[in-house]
Every structure is written in C-alpha cells, then in structure tokens.
Amino acid sequence: MDAEVTIARVYDEARLRYVLRLGDTNLILAQRLGAWVAYAPALEEDLGVANVALDLLGQARLLLTYAGELEGRGRSEDDLAFGRDVQDFLNLSLVEQPNGDFGCTIVRQALFDAYQFELYEALQGSADRRLAEIAAKAFKETRYHLRYSSGWLVRLGDGTDESHARVQSALDDLWRFTFELFSADEVDETLAAAGIAPQLAQLAPRWSARIDELLRKATLARPRDVEYRWQGKRGQHSEHLGHLLAPMQFLQRAYPGASW
C-alpha cells in the first residue's frame, strides 16, 4: 500500500511540474511578445504579434489554473504568475531570451511554434482529459502562429542582404536553446510512460523536418547542433528572466492581494 501511495505521489508531482512547464512557457513568451505592442515595424504586425501574445496568454491561464488545482494549495493562476520567484518558474529557456530586433523575435517564434505544433497535436491524445482539451483548443491557435512566423521568416531570410544576415545571426545565436525542447528528463519520461505526455524523441524528427523545409525556403543555413545543459524547465534560467519578471510582478509584489 505504501508503495502504491509513493508511486501515485510521483505521478502527481510529475504532472504538476509538466503543466507548470507548459503554462510558464506560454506566459513568458506572451510577456516577451507584448513588448512589441506599439513598437512593431508596421501596424499590421503590431496587431499580429499582439494576437499571438494574447493567444499564448489565454493558454497560460488555462494551464496555470489547472496547475493550481493539481497543486491543491488554493493558489490561483494569478498567484502562480505573480507570486513565484525566478527559480520557481519552469519555462523553456528559448522563450525568455530577449526580443532583439524583429527578425530575432521571428526566429525565436518560428522555432517555438514548430515545436508547439507537434506538442499540442500529440497532447490531444493525452490520457489526461483536461490536458487533452486544453491542447485541442491551443492547437487551432498554434497552426495560425506557425503560419504567421513561418511566413515572416521566409520573407526576411529570402529578402534583402541585411534582413538575411540579421535572421541568420539570430538563428545561429538561438539554436543552442532548441536542445532543451527534446531533452527528456524524469518528468517527461514518467508522464510518457503513463500516456499523459508524448515521447519527445518521437516529436523531434517531425520538428526537425519541418524546420529544415522552412529554412530551405528562407535560404537560411541550419546551425550545428550543440548540447546546452542550462535548462529552464528544470528551474535553471538565464539572467534575462529576472529582468522580465520584475516589471510583470511589481504591482502584486508591492501590494500583495490587491484587487480592483
């Protein structure tokens, strides 16, 4: 009986961390993209990036609400978003990287969208019904996100000499963070064995093929694969996350529990 309880706790803890990873990743990327509002290169792109950010924020709310329920400590989506410290966030390292110029933002978005497309497609078959329902809704939005970022990557990569050079430089710089996308740890493996999460090793070839085709159209060179062990999904973050969270969490930190 004690062994069964222990196993159940392991699965419960793994599920909580997994859902937090998904929610945190969407939340942080939404915050990054929101910084482009009123600063994008054209009004149409201002609206386009804002729409993607709002979709990601909506997904984050669903996931963090579910995480709060799984945790069972009475914490809401807002508590999890505004009341945790840097080391408690479990987002992917890729999404916390600075926006840079518009080309850099597009490169980051395209790499992430291609990953999330494969992930959400697989999660629709999850044994966790709640997670499958969230994935089904999010997948529809992610198809648009991927179309948007892919279109812009091709335009910039196959554009002027300057636009090509800028996005190639951004790709070279951000590529190391893609190692984490398919680097499975005990959380991923535990939930994959339970049919709750997909096997990351099965998603990687599909992502890689999609990215290769996209880079071919954009006339961009695929960077060399490198192993990058500093992983945000394990709470190991770059210095950039703290700078992002400080203004995002300021009001709730200054006035805990404030409402209006």
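**Aromatic pairs and the nonpolar core**

A search of the whole structure, which is a predicted model, turns up nine aromatic pairs.

User: Are the rings of Tyr-144 and Tyr-148 stacked, edge-to-face or tilted?

Analyst: Their ring centres sit 6.1 Å apart, with the planes at 35°. Stacked needs under 30 degrees and edge-to-face over 60. The angle fits neither, so the pair is tilted.

User: And is Tyr-148 buried or exposed?

Analyst: Tyr-144 and Tyr-148 are four residues apart in helix H6, about one helical turn. Tyr-144, at 27% relative accessibility, counts as partly exposed. Tyr-148 has 14%, and the cut-off for buried is under 20%, so Tyr-148 counts as buried.

User: What kind of pair do Phe-177 and Tyr-228 make?

Analyst: Both residues are buried. Their ring centres are 5.0 Å apart and the planes meet at 75°. Planes over 60 degrees apart pass the cut-off, so this pair is edge-to-face.

User: How many residues apart are Phe-177 and Tyr-228 in the chain?

Analyst: Phe-177 is in the loop between helix H7 and helix H8. Tyr-228 is in the loop between helix H9 and H10, so the pair links distant parts of the chain. The separation is 51 residues.

User: Which helix gives the largest share of the largest nonpolar core?

Analyst: That core has 77 residues, and Tyr-18, Leu-111, Leu-153 and Trp-207 touch the most other members. The largest share is 13 residues, and they come from helix H5.

User: Is Phe-250 buried or exposed?

Analyst: Phe-250 lies in helix H10 and forms a nonpolar surface patch with Leu-251 and Tyr-255. Its relative accessibility is 54%, so Phe-250 counts as exposed.

Terms used
Residues numbered from 1 in each chain as written. Predicted model: local features only at pLDDT ≥ 70, side-chain atom pairs only at ≥ 80, totals over all residues. Heavy atoms only, no water. Core = buried A, V, L, I, M, F, W, Y, C linked by side-chain atoms within 4.5 Å. Buried < 20%, exposed > 50% of the residue type's maximum accessible area, 1.4 Å probe, protein only. Helix = DSSP H or I, 4+ residues; strand = E, 2+ residues; numbered from the N terminus. Patch = residues over 30% accessible without salt bridge, like charges linked within 9 Å, V, L, I, M, F, W, Y side chains within 5 Å. Areas by Shrake-Rupley, 256 points an atom, 1.4 Å probe, with all protein chains shown as cover. Salt bridge = Lys/Arg side-chain N within 4 Å of Asp/Glu carboxyl O. Phe/Tyr/Trp six-rings, centres within 6.5 Å; stacked < 30°, edge-to-face > 60°.
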